[in-house]
Every structure is written in structure tokens, then in C-alpha cells.
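Hi,

Here is the model I promised to pass on. Have a look at it first, and then read on for what turned up in it.

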Amino acid sequence: MNRKKRINEILKKKLINFNIVLYDDSYKHRRHNNFNGKSETHFLLVLQNKNNEKINKLVTHRLINHLLKDEFKQ
């Protein structure tokens with residue numbers, strides 16, 4: 001399974017109150033430090049609150065970092 005799919009599955013399981021769109025932006029970093037742009041290294045995450053409830057963005061950001069800590073180690 002590729003990294004984008006793994007990340008998407010992790011987030012969809014835990015962030016059930018959000019519509020989640022995950023983009024692989026790795027190609028935009030082509031030629032940075034000899035990077036070829038083909039590996040999955042840079043992502044853009046778009047979250048939309050399904051319930052229109054007020055959310056704390058910092059808490060949400062920390063939760064995402066915690067959920068993806070194993071992916072960040074790779």
C-alpha cells in the first residue's frame with residue numbers, strides 16, 4: 001500500500017467528523033536537494049468540518065501529528 005493510502009485510511013478512521021481530501025504534492029519539490037519528485041514525501045491535507053461545529057485548529061493539528069507519527073518516522 002502506498003503512503004497516501006495509508007495516511008488517508010488512518011485519518012478517515014479517526015477524523016470521522018471531517019471530509020478529508022489528501023493531495024500528493026511531492027512533484028512540486030522536484031530538484032530540491034536532488035529529489036526526483038516521484039517519492040511520496042509532501043502532502044496537502046484539506047479538512048472540512050461536516051458538522052460546522054467550532055473546532056480548535058491547534059488541537060486538530062496536534063491530533064493529526066500524533067496519528068501520523070509512525071509515518072513521519074519513515
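Glutamate 71 sits in helix H3 (helices are DSSP runs of H or I with at least four residues, strands are runs of E with at least two, and both are numbered from the N terminus). Glutamate 71 is buried, at 8% relative accessible area (buried is under 20%, exposed is over 50%, partly exposed is in between, with a 1.4 Å probe and protein chains only). Its side chain makes a polar contact of 3.0 Å with the side chain of arginine 3. Polar contact here is a pair of N or O atoms within 3.5 Å; within protein, one must be able to donate a hydrogen and the other to accept it, and residues adjacent in sequence count only if both atoms are side-chain atoms. Setting aside neighbours within four places in sequence, glutamate 71 is in contact with Arg3, Arg6, Ile7 and Ile10 (contact is heavy atoms within 4.5 Å).

Before you go further, the usual caveats. This is a predicted model, where local features need pLDDT of at least 70 and side-chain atom pairs count only at pLDDT 80 or more, while totals for chains, interfaces and linings use all residues. Residues are numbered from 1 along each chain as its sequence is written, and side-chain values use heavy atoms, with hydrogens and water left out.

As for the overall layout, the protein chain has three helices and two strands, in the order α-β-β-α-α along the sequence. Of its 74 residues, 24% are buried. If you take the contacts between residues at least 6 apart in sequence, 52% of them join residues at least 24 apart.

Now to H2, residues 57-67, whose buried residues are Thr60, Ile64 and Leu67. Those residues lie on the same side of H2, because they cover an arc of only 65° around the axis (the arc is that of the directions from the helix axis to the C-beta atoms). An α-helix has 3.6 residues a turn, so residues three or four places apart point the same way. The face of H2 turned away from the buried side carries the exposed residues Val59 and Arg62. What do the buried residues of H2 pack against? Their partners are helix H1 (3-14), strand S1 (18-24), strand S2 (43-49) and helix H3 (69-73). At the N-terminal end of H2, asparagine 56 acts as a cap, with a side-chain oxygen 2.9 Å from the backbone nitrogen of leucine 58.

Leucine 67, also in H2, counts as buried at 19% relative accessibility. Not counting residues up to four places away in sequence, leucine 67 touches Ile10, Leu11 and Lys14. Its C-alpha atom is 8.9 Å from that of isoleucine 7, although the two are 60 residues apart along the chain.

Both of those residues belong to the largest nonpolar core, whose nine residues are Ile7, Leu11, Leu15, Phe18, Ile20, Leu22, Ile64, Leu67 and Leu68. H1, S1 and H2 are the elements that give two or more residues to this core, and S1 has the largest share, with three. (A nonpolar core is a set of buried Ala, Val, Leu, Ile, Met, Phe, Trp, Tyr and Cys residues joined through side-chain atoms within 4.5 Å.) Leucine 68 touches Ile7, Ile10 and Leu11, again leaving out residues up to four places away in sequence.

Two residues in the strands are worth a look too. Asparagine 49, in strand S2, is buried at 16% relative accessible area. Its side chain reaches the backbone nitrogen of asparagine 52 at 3.5 Å, and a polar atom of that side chain lies 2.6 Å from the backbone oxygen of glutamate 53. Beyond four places in sequence, asparagine 49 touches Asn17, Phe18 and Ile55.

Tyrosine 23 is in strand S1 and counts as partly exposed, at 41% relative accessibility. The C-alpha atoms of tyrosine 23 and phenylalanine 43 are 5.5 Å apart, with their positions 20 residues apart along the chain. Leaving aside neighbours within four places in sequence, tyrosine 23 is in contact with His42, Phe43, Leu44 and Val46.

Cheers
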